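User: Could you take me through one part of this protein in detail? I'd like a close look at the small sheet and what packs around it, and then how that ties in with the rest of the fold.

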Amino acid sequence: MSVQDRLWDIAIEQYGYVTTRDAKTIGAGAIDLTKLAHRGQLARVAHGVYRFDQLPVTARDEFMLAVLWTGFPGAALSHDTALAAYDLCDINPNKIHLIVPKESRIRRQGGDDYVLHRDDLAPDQIGWWEGIRTVTVPTAIEQGIHSGVPRRLLDQAISSARAAGRITDAQHSRLVRALEERA
């Protein structure tokens, strides 16, 4: 199986994207990605991130690209973006919010459309939305409480999450209490 075929298998799971880290996991290197890009098999879309243009573009591509752009395997959609992704309230963020580990340093260009938050999350605070690492519903609401999302949107998010069974009664009580304490 060629490097291109092995990368293709990864790209299918990542909305067409592969990274230099992905190449390393299959025993290839950045030079292999560069060669594939030079031959027109891949398109370089960001530092260390490439895309197979043969795969169709979707509305979620920009979110996968954002997570991969960070270069950290633990990066996830967070805050306002997670609230919007889960369709919990009428929030419409103008930038993609991402969370990376506290000690991470991102030294790449191209993140003008991203808001980076740094925090070390527990494994139970990370979930998946449409195949993209995203903080869990309770974590997204909690982040919204601490970051100043308007109360009406948070009330809507808490109600929506509870009605859809996406938070437990205990989580509901804790989030309502945290929102009341913020005021």
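Analyst: Here's a walk from the sheet outwards to the cores and helices. Keep in mind that this is a predicted model.

Let's begin with the sheet itself. It's an open sheet of three strands, ordered β1-β3-β2, and the pairing is antiparallel. That puts β1 (17-19) and β2 (43-46) at the edges, each pairing on one side only. On average, neighbouring strands here are turned by 40° against each other, direction ignored.

Now the pairings one by one. β1 runs antiparallel to β3 (residues 49-51), and three bridges link the two. If you want a spot to find by eye, look for Val-18, which stands opposite Tyr-50 in β3. β2 also pairs with β3 in the antiparallel sense, again over three bridges. There, Ala-46 has Val-49 of β3 as its bridge partner. β2 and β3 make a hairpin with two residues between them. Gly-48 sits in that turn, with a positive phi of about 75°.

What lies against the sheet? Helix α4 packs on it and touches β1, β2 and β3. The direction of α4 makes about 5° with that of β1.

From α4 you can step straight into the nonpolar interior. The largest nonpolar core has 44 residues, and the ones touching the most other members are Leu-77, Leu-83, Leu-88, Ile-132 and Ile-141. Helix α4 (residues 61-69) gives this core its largest share, seven residues. There's also a second, separate core of 13 residues, with Leu-7, Ile-10, Ile-26 and Leu-36 among them. As background, nonpolar side chains in soluble globular proteins tend to be buried together.

Leu-77 is a handy place to see what the big core brings together. Leaving aside neighbours within four places in sequence, Leu-77 is in contact with residues including Phe-63, Val-67, Ala-82, Ile-96, Leu-98, Trp-129, Ile-132 and Val-135. The list isn't purely nonpolar, though: His-97, Arg-133 and Thr-134 are on it too.

Back to that second core for a moment, since Leu-7 and Leu-36 belong to it. Both also turn up where helix α1 meets helix α3: the contact is made by Val-3, Gln-4 and Leu-7 of α1 with Asp-32, Leu-33 and Leu-36 of α3. α1 (residues 3-13) and α3 (residues 30-38) pack at an angle of about 95°, and their axes are 11 Å apart. That angle is why the two helices count as roughly perpendicular to each other.

Ile-141, from the big core, leads on to helix α6. Eight of the eleven residues in α6 (residues 137-147) are buried, so this helix is largely enclosed by the rest of the structure. Ile-141 is one of the buried ones, and so are Val-137, Pro-138, Thr-139, Ala-140, Gln-143, Gly-144 and Ile-145. The cover over them includes α5 (79-85), β5 (96-100), β8 (132-135), α7 (151-163) and α8. Right after α6 comes Gly-148, with a positive phi near 95°.

Last stop is α8 (residues 169-182), where you'll find His-172. His-172 counts as buried because its relative accessibility is 15%, and the cut-off is under 20%. A polar contact of 3.3 Å joins its side chain to that of Arg-162. Setting aside neighbours within four places in sequence, His-172 is in contact with Ile-158, Arg-162 and Ile-167.

Key
Residues numbered from 1 in each chain as written. Predicted model: local features only at pLDDT ≥ 70, side-chain atom pairs only at ≥ 80, totals over all residues. Heavy atoms only, no water. Core = buried A, V, L, I, M, F, W, Y, C linked by side-chain atoms within 4.5 Å. Buried < 20%, exposed > 50% of the residue type's maximum accessible area, 1.4 Å probe, protein only. Helix = DSSP H or I, 4+ residues; strand = E, 2+ residues; numbered from the N terminus. Contact = heavy atoms within 4.5 Å. Pairing = 2+ DSSP bridges. Axes fitted to C-alpha atoms, helices over the stretch in contact; angles between N-to-C directions. Polar contact = N/O pair within 3.5 Å; in protein donor to acceptor, adjacent residues only side chain to side chain. Parallel < 35°, antiparallel > 145°, perpendicular 65-115°, else oblique.
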